[in-house]
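Work through these short exercises on charged side chains. Keep the sequence and the 3D view open as you go.

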Amino acid sequence: MSRKRTGRRVGPEDYRVFHFGPEQWGRTAVEFLCLDVAVSYLFYHSFLLCVLALPLFGLYQKYRKAEWLQLRREEMRREFLDAMKVLLTQLQTGYSPENAFREAAVELGKTYEPDSFIRIEFDRIAAQLSYHVPLERLLSDLGNRCGVQDIHRFTDVFVIARRSGGDLIGIVRNTIRSMEQKLQLQNDIEAELAGKRMEQRMMSLIPMLILAYVGLTSPGFLDPMYEGLLGRCIMTVCLGVYGGAVLWGQSIMRESSRDLLEE
């Protein structure tokens with residue numbers, strides 16, 4: 001099945017850094033504007049504050065960039081696992097490591113789109129091998145740029161085994177087994193936490209939905225909270241508590257996921 005990627009640069013890329021593409025820019029801007037308008041109106045009834053809060057877009061962009069970077073790493077890990085299975089088949093057939101990577105690049109070209117991470121990197125390795133660039137150098141470069149621990153560990157071990165005459169087939173097989181176990185564990189964790197994440201998101205929306213409901217069904221009821229210094233201070237405190245609770249809830253979910261992964 002083909003997998004399409006976005007937000008990436010063609011060529012040797014430092015995958016530890018996420019580069020926003022047009023789609024990511026547009027989506028992030030729309031999300032921030034919706035959030036900005038909702039908070040400014042529901043908590044302050046002030047569109048002037050909405051304009052004044054626009055510089056906070058940089059912080060929101062940084063937050064979303066971290067999320068997209070993590071999603072890309074997960075996708076890279078899955079694509080690399082598929083590549084290791086293809087590479088193992090080629091090595092077991094009797095190909096040398098260089099030819100195994102060339103053949104793997106051809107096979108991956110049948111299932112992945114040209115702009116996918118694994119297609120770009122394996123095609124690059126195959127192309128560089130034709131110019132007699134050492135495979136060890138190419139793998140070390142990939143390991144340093146990928147930002148994925150599993151890939152970095154594999155490239156280091158593969159390079160060392162290649163130089164010392166180690167069991168390359170065994171290394172690839174162990175890499176596949178390790179990555180499959182970790183992927184299965186992550187899928188189990190995601191399944192276990194999916195319901196709790198939905199509950200956390202719904203609970204995060206409830207305060208804003210209550211403000212919107214009261215404003216629509218009882219016009220003027222909350223006017224004292226939007227007029228005068230005291231009312232605005234109270235709403236500011238409420239917004240601070242609300243924002244802190246949302247961040248705390250997200251932190252709890254991350255910690256829960258990490259604890260389950262370590263068990």
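**Exercise 1: Lys 85 and its partner**

Lys 85 is partly exposed, with a relative accessible area of 36%. The model is a predicted one.

Task: find which side chain meets Lys 85 in a salt bridge, and state where the two residues lie.

Solution.
- Step 1. The partner of Lys 85 is Glu 180, at 3.1 Å from N to O.
- Step 2. Lys 85 sits in helix H3, and Glu 180 sits in helix H8 (residues 168–217), so this pair ties together parts 95 residues apart in sequence.
- Step 3. Glu 180 has a relative accessible area of 34%, so Glu 180 is partly exposed.

**Exercise 2: Arg 77 and Glu 74**

Task: decide whether Arg 77 and Glu 74 are buried or exposed, and say how they are placed in helix H3.

Solution.
- Step 1. Their side chains form a salt bridge, 3.0 Å from N to O.
- Step 2. The two residues are three apart in helix H3 (residues 57–93), so about one helical turn separates them.
- Step 3. Buried means under 20% relative accessible area. Arg 77 and Glu 74 are both buried.
- Step 4. Both also belong to a salt-bridge network with Asp 150, Arg 153 and Lys 182.

**Exercise 3: Arg 124 and Asp 141**

Task: state which helices hold Arg 124 and Asp 141.

Solution.
- Step 1. Arg 124 and Asp 141 form a salt bridge, with their closest N and O atoms 3.2 Å apart.
- Step 2. Arg 124 is in helix H5 (residues 117–130) and Asp 141 in helix H6 (residues 135–146), 17 residues apart.
- Step 3. Arg 124 is partly exposed at 22% relative accessibility. Asp 141 is partly exposed too, at 26%.

Notes
Residues are numbered from 1 along each chain as its sequence is written. This is a predicted model: local features need pLDDT of at least 70, side-chain atom pairs count only at pLDDT 80 or more; totals for chains, interfaces and linings use all residues. Side-chain values use heavy atoms; hydrogens and water are left out. A salt bridge is a side-chain nitrogen of Lys or Arg within 4 Å of a carboxyl oxygen of Asp or Glu. Helices (H or I, at least four residues) and strands (E, at least two) are DSSP runs, numbered from the N terminus. Buried means under 20% relative accessible area, exposed over 50%, partly exposed in between (1.4 Å probe, protein chains only).
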